[in-house]
Amino acid sequence: MATEIPLYHEPVETVPTDPIDRVIRYHVQTKHHFNRYARALGYLDWANQPDPFRRFVGASLISLPLLPPDKEPVSPVYDAIYQSGAVASPPVNVRSLSRFFEFALALSAWKKAGESEWPLRSNPSSGNLHPTEGYVVMPEIEGLDLNPGLYHYASKEHGLELRAEFSAELVDHLLSLFPPGSFLFGLTSVHWREAWKYGERAFRYCNHDVGHAIGTARIAAATLGWKMVLLDGVEQHTIALLLGTSRMDDFQDVESEHPDCLAVVWPSRDVRGEGLGVRGDEKVRGKELGVSGSREEIPLFLDPNVVKDVAECTWHGKANRLSGEHGVHWDIIDEVADASWKTQSQRSIISLQTYQKTPHPLPLTPHEPSAGQIIRQRRSAVSFDGKTSISSATFFRMMQRVMPRADRPQLDRPMPWDVWPYDPAIHLLIFVHRVDGLTPGLYFLARDPKKLVFIQQSMNPELSWTPVPGCPEDLPFYWLLEGDAKKLAVQVSCHQDIAGDCAFSFGMLAEFEGRLREGGAWWYPRLFWESGLLGQVLYLEAEAVGIRATGIGCFFDDPVHEIVAVKGLSFQSLYHFTIGGPVEDGRLMTLSPYGRLKREG
Ligand SMILES: Cc1cc2nc3c(=O)[nH]c(=O)nc-3n(C[C@H](O)[C@H](O)[C@H](O)COP(=O)(O)O)c2cc1C
């Protein structure tokens with residue numbers, strides 16, 4: 001009798017156990033292809049649209065003053081925020097904190113079309129879904145009028161909800177190694193908000209948004225002459241404890257928050273080089289610790305033993321539910337969040353003393369727009385005119401703004417790159433359409449010149465890598481291919497016309513597999529943070545020269561890689577971006593962000 005030919009069995013996918021393989025699996029599975037988008041519901045479940053405003057029911061809300069632009073602290077001219085030492089630093093008080101949040105995470109407008117109204121914020125967000133939540137840990141500071149503790153920022157009310165009361169000693173202990181006047185700033189993500197619309201790809205978008213929010217917060221701090229650095233030596237469980245996201249009782253039966261990152265923010269010295277505005281005894285404390293003048297280093301971590309004590313403090317409020325029902329739960333998002341969870345801590349320290357003034361400060365002209373004006377007017381263009389071109393000088397200045405100058409000590413790097421404790425991992429593949437003086441075609445900006453050879457070896461060996469005439473010497477900017485790339489840019493950007501109608505668009509190519517294998521799976525979200533931070537710089541740069549930008553999260557991953565024949569997973573495009581002359585949508589009305597709140601500033 002003939003032996004039976006075995007039946008067909010569906011191959012069983014083995015889920016890798018190594019966290020790095022798990023994040024790579026997520027990345028590959030959530031690529032968009034020409035013939036297949038990453039998995040999502042496929043329609044919008046409007047009945048269960050997530051509430052964009054998280055509140056903690058039972059926590060008291062402390063309103064921040066709504067400050068008109070001409071009320072103190074008044075924002076400096078836009079260019080001044082890029083000049084180290086050019087902005088006088090007010091003390092941390094309720095007014096400066098209000099400005100900080102206004103520019104970091106507040107509403108910046110309501111839009112109205114017919115009967116519908118929707119809010120927009122200082123930070124952009126994929127699909128305007130705003131998964132990012134902000135927190136601060138405040139010490140006792142004279143003139144601040146807030147009890148020491150953890151506060152959640154409520155953007156609709158522009159207020160702080162008291163989540164936990166920490167004793168002054170506990171916070172002092174926590175912050176004792178930071179400069180006087182320091183407070184902590186933390187970000188979390190509600191993955192569900194993005195997953196509701198974008199399904200499995202949502203973890204990427206949440207992390208782009210974290211990067212944008214790191215950018216808006218760093219830039220907000222810069223308008224106040226404050227410094228900010230990411231405390232990325234902290235392991236993630238410590239962030240969860242400190243921000244209360246692991247308190248199951250407070251998040252029972254509601255959408256959880258994923259703890260992303262912590263940063264320390266502190267008032268810098270003013271232009272005269274004097275330490276400024278903190279409570280009197282902090283100067284003494286600073287001296288004891290050697291912070292003011294003699295202290296030379298700050299840690300990029302917190303003492304987990306001190307953080308542990310916050311669990312014993314008095315906590316307030318229960319998180320509100322954001323959607324009635326969740327049609328589909330995307331397990332792969334929990335899976336990648338788990339795989340990229342940072343379990344290690346690094347006890348890294350950075351030098352405090354080194355930061356210098358900009359070597360050749362640009363003259364400040366008071367008639368220029370203020371940083372506040374640029375931040376308030378920032379919007380994503382919904383379409384571009386297909387005509388506006390920019391000068392090569394403007395283009396090169398934008399490229400210079402995104403150079404982190406990572407060969408310098410961290411606090412000597414140009415704002416906002418002084419927030420970022422790593423060498424750059426993101427480089428730009430640029431589609432130049434309308435830049436006067438540059439031949440249309442494909443270009444490349446290597447944000448870390450040390451990586452140039454590695455970049456070149458990871459791509460098509462036939463690309464020309466020609467230096468660009470007129471390009472400033474300090475820009476590692478090269479011409480790869482000549483030609484009209486408008487249609488190609490549109491095609492790979494999920495057929496979005498903005499990618500071709502702009503002056504230029506680009507893909508952010510991340511050093512991918514090598515960075516993950518070397519650093520660990522927790523590097524995966526950080527690659528997106530860096531790309532979001534870069535995007536935030538250019539959103540404002542575009543506004544400052546009278547044009548506009550739009551981030552692009554929807555693109556066909558591998559077709560982008562094929563343009564330059566990227567080898568394997570050496571580089572992956574994580575985020576696309578467009579800058580050009582916007583076309584306003586005349587049907588939309590713009591309303592003021594807090595018009596209905598009658599509160600004095
Ligand atoms: C990570 C990210 C991805 C985005 N992707 C797209 C996109 O693919 N297409 C698009 O037209 N807009 C995109 N946007 C723009 C958002 O739709 C916009 O930020 C949001 O509607 C809020 O508007 P605002 O930026 O004017 O505040 C993206 C924004 C971000 C931050």
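How do the residues of the shell around the ligand divide into nonpolar, polar and charged? They split into six nonpolar, 11 polar and three charged. Keep that shell in mind, as we will come back to it. The model is a predicted one.

Start with the overall layout. The protein is divided into two domains. Domain 1 covers residues 57-110 + 118-339, and domain 2 covers residues 380-580. Taken over C-alpha atoms, the centres of domain 1 and domain 2 are 28 Å apart. The two domains touch: 26 residues of domain 1 are in contact with 26 residues of domain 2. Look at the side of domain 1 that touches domain 2. Two elements, α5 and β9 (226-230), give two or more residues to that side. The helix α5 gives the most, with 14 residues. By class, the side of domain 1 that touches domain 2 has 15 nonpolar, seven polar and four charged residues.

Now return to the ligand. Where does it lie? Both domain 1 and domain 2 give residues to the shell around the ligand, so the ligand lies between them. There are 20 residues around the ligand. The ones that come nearest are Pro124, His208, Ser380, Gly551 and Gly553. Three elements give two or more residues each to this shell: β4 (116-121), α5 (202-223) and β22 (548-552). Which of the elements gives the most to the shell around the ligand? That is α5, with four residues. So α5 turns up twice: it gives the most to the shell around the ligand, and it also gives the most to the side of domain 1 that touches domain 2.

Follow α5 once more, this time to a neighbouring helix. The axes of helix α2 (residues 94-104) and α5 come within 8 Å and cross at roughly 145 degrees. The crossing is right-handed. On the α2 side, the contact is made by Arg99, Phe100, Phe103 and Ala104. On the α5 side, the residues are Ala213, Thr216, Ala217, Ile219, Ala220, Ala221 and Thr223. By class, this contact has eight nonpolar, two polar and one charged residues.

A second helix pair can be set beside this one. Helix α1 (residues 19-29) packs with helix α9 (residues 331-339) at an angle of about 145 degrees, and their axes are 9 Å apart. What is the hand of the crossing of α1 and α9, left or right? It is left-handed. From α1 come Pro19, Arg22, Val23, Tyr26 and Gln29, which meet Ile332, Glu335, Val336 and Ala339 in α9. This contact has six nonpolar, one polar and two charged residues.

Next, step into the loop between α6 (236-243) and β10 (258-267), where Asp250 is found. Is Asp250 buried or exposed? Asp250 has 21 C-beta neighbours inside 10 Å, so Asp250 counts as buried. Beyond its neighbours within four places in sequence, Asp250 is in contact with Gly244, Trp315, Gly317, Lys318 and Ala319. Asp250 and His316 are 66 residues apart along the chain, while their C-alpha atoms are separated by 8.5 Å. Asp253 also lies in the loop between α6 and β10. Asp253 counts as exposed because it has 7 C-beta neighbours inside 10 Å. Its phi is near 65 degrees, a positive value in a residue other than glycine.

Ala565 has a positive phi too, near 50 degrees. Ala565 lies in the loop between α17 (557-563) and β23 (571-580). With 12 C-beta neighbours inside 10 Å, Ala565 counts as exposed.

Two peptide bonds deserve a look. A cis peptide bond joins Glu72 and Pro73, with omega about -5 degrees. Pro73 is in the loop between β2 (61-63) and α2. Another cis peptide bond joins Met415 and Pro416, with omega about 0 degrees. Pro416 sits in the loop between α11 (392-401) and β16 (426-432).

Finish in the segment after β24 (589-591), where Ser592 is found. Ser592 has 12 other C-beta atoms within 10 Å, so Ser592 is exposed. Ser592 and Leu107 are 485 residues apart along the chain, and their C-alpha atoms are separated by 9.0 Å.

Terms used
Residues numbered from 1 in each chain as written. Predicted model: local features only at pLDDT ≥ 70, side-chain atom pairs only at ≥ 80, totals over all residues. Axes fitted to C-alpha atoms, helices over the stretch in contact; angles between N-to-C directions. Left-handed = near helix turned anticlockwise from the far one by under 90°. Contact = placed C-beta atoms within 7 Å. Nonpolar A, V, L, I, M, F, W, Y, C, P; charged D, E, K, R; others polar. Buried ≥ 20, exposed ≤ 12 C-beta atoms within 10 Å, placed from the backbone. Near = placed C-beta within 6 Å. Domains from an automatic or database assignment.
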